[in-house]
Amino acid sequence: MGAGGPVEDEQQWPPWLKPLLRESFFVQCKLHTDSHKSECNMYCLDCINGPLCSVCLNHHEDHRAIQIRRSSYHDVIRVSEIQKFLDISSVQTYVINSAKVVFLNERPQPKPGKGVTNTCEVCDRSLLDSFRFCSLGCKIVGTSKTFERKKKMSPETVSDSDDSIISGNHLRHRSHHNATRVNNFTPSTPPPTAANFRSAKRRKGIPHRAPMGGLIIEC
């Protein structure tokens with residue numbers, strides 16, 4: 001492959017990074033099922049042989065090993081550990097349990113919140129203004145020479161008869177008559193009928209207070 005192609009992209013990252021991001025952590029170790037420390041949340045950067053439990057780590061004493069942690073079902077790693085081996089500039093950091101961490105992989109948002117001025121260049125997650133990516137995985141994708149950032153849709157360019165749906169780097173269109181809005185989680189209210197009207201009149205009566213006098217709030 002010529003200059004500026006996939007080969008050059010591969011060489012800018014350490015050989016352990018992409019295998020690390022593909023792994024599934026926090027599973028039980030198949031070699032040490034009887035141990036109370038059999039959860040696989042460690043990774044050896046020298047061996048690159050999959051998630052390790054604490055017992056497995058005894059065989060990697062002189063190796064570079066890191067610990068993976070969890071936050072809201074997503075894998076994170078402490079900045080103090082990963083920055084020894086990897087440039088994490090432009091990746092947003094978060095404080096969890098009084099420690100700075102970065103996420104391993106992307107966490108897309110259906111729709112950025114109001115007033116958001118900066119989002120991840122790959123998955124559009126809301127970010128602070130000083131960052132470009134929400135995770136290590138997004139930095140790999142976003143800094144690739146073959147990556148093309150998708151254009152953001154402005155309200156003026158969205159047609160009333162067509163919804164635009166962005167998925168990855170592909171833009172798909174579908175008719176307004178067949179589409180369902182992503183943020184519409186409730187079915188539309190059916191038109192009233194004569195039967196519904198009579199039923200509503202029969203149910204009309206003296207309102208009753210809920211037991212204990214409290215309000216029921218649906219989450």
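## Glu121 and its salt bridge with Arg132

Glu121 has a relative accessible area of 16% and is therefore buried. In this predicted model, the partner of Glu121 in a salt bridge is Arg132, with 2.9 Å between the closest N and O atoms. Both residues belong to the loop between β7 and α4, where 11 residues separate them in sequence. Arg132 has a relative accessible area of 35%, so this residue is partly exposed. The bridge thus joins a buried carboxylate, that of Glu121, to the side chain of a partly exposed arginine, Arg132.

## Overall architecture

The protein chain contains 5 helices and 9 strands. In sequence order, these elements follow the pattern α-α-β-β-β-β-β-α-β-β-α-β-β-α.

Of the 219 residues in the protein chain, 31% are buried. Among contacts in the protein chain with a separation of 6 or more, 41% involve residues 24 or more positions apart.

## Other salt bridges

Across the whole structure, 5 salt bridges are found. One of them pairs Lys139 with Asp87, and the closest N and O atoms of this pair are 3.8 Å apart. Lys139 is located in helix α4 and Asp87 in the loop between α3 and β6 (94–96), so their bridge ties together parts of the chain 52 residues apart in sequence. Lys139 counts as buried because its relative accessibility is 7%.

Another salt bridge brings together the side chains of Asp75 and Arg70, at 2.8 Å from N to O. Asp75, with a relative accessible area of 14%, is buried, whereas Arg70, at 41%, is partly exposed.

## Arg125: a buried charge without a salt bridge

Arg125 is situated in the loop between β7 (99–103) and α4 (136–142). Arg125 is buried but takes part in no salt bridge. The nearest side chain of opposite charge belongs to Glu106, at a distance of 9.3 Å. A salt bridge requires the nitrogen and the carboxyl oxygen to be within 4 Å.

The side chain of Arg125 does, however, reach a backbone atom: the oxygen of Arg107 is 2.5 Å away. Apart from neighbours within four places in sequence, the contacts of Arg125 are Tyr94, Arg107, Pro108, Gln109, Asn118, Thr119, Cys120 and Cys134. Two of these residues, Tyr94 and Arg107, recur in the aromatic arrangement described next.

## Aromatic pairs and the placement of Arg107

The model contains 2 aromatic pairs. Phe25 and Tyr43 make up one of them, in an edge-to-face arrangement with 6.2 Å from centre to centre and 70 degrees between the planes. Phe25 is in the loop between α2 (17–22) and β1 (42–44), while Tyr43 is in strand β1, so the pair ties together parts that are 18 residues apart in sequence. Phe25 and Tyr43 are both buried. Tyr94 and Phe103 also pair edge-to-face, with their centres 5.2 Å apart and their planes at 85 degrees. Phe103 counts as buried because its relative accessibility is 4%.

Arg107 is placed over both rings of the Tyr94–Phe103 pair. The charged end of Arg107 is 3.6 Å from the centre of the Phe103 ring, and Arg107 also lies over the face of Tyr94, at 5.2 Å from that ring centre. Through its backbone oxygen, Arg107 is in turn reached by the side chain of Arg125.

## Glu81 in helix α3

Glu81 is part of helix α3, which spans residues 79–82. With a relative accessibility of 16%, Glu81 counts as buried. Beyond neighbours within four places in sequence, Glu81 is in contact with Ala65, Ile66, Gln67 and Arg69.

## Positive phi angles between β6 and β7

Asn97 and Ser98 have positive phi values without being glycines: phi is near 55 degrees for Asn97 and about 70 degrees for Ser98. Asn97 is located in the loop between β6 and β7, and Ser98 lies in the loop between β6 and β7 as well. Asn97 counts as exposed, with 71% relative accessibility, and Ser98 is exposed too, with a relative accessible area of 77%.

Key. Residues are numbered from 1 along each chain as its sequence is written. This is a predicted model: local features need pLDDT of at least 70, side-chain atom pairs count only at pLDDT 80 or more; totals for chains, interfaces and linings use all residues. Side-chain values use heavy atoms; hydrogens and water are left out. Helices (H or I, at least four residues) and strands (E, at least two) are DSSP runs, numbered from the N terminus. Buried means under 20% relative accessible area, exposed over 50%, partly exposed in between (1.4 Å probe, protein chains only). Lys and Arg count as positive and Asp and Glu as negative; His and the chain ends are not counted. A polar contact is a pair of N or O atoms within 3.5 Å; within protein, one must be able to donate a hydrogen and the other to accept it, and residues adjacent in sequence count only if both atoms are side-chain atoms. Contact means heavy atoms within 4.5 Å. Rings of Phe, Tyr and Trp (its six-membered ring) pair if their centres lie within 6.5 Å; planes under 30 degrees apart count as stacked, over 60 as edge-to-face and the rest as tilted. A charge sits over a ring if NZ of Lys or CZ of Arg is within 6 Å of the ring centre and within 35 degrees of the ring normal.
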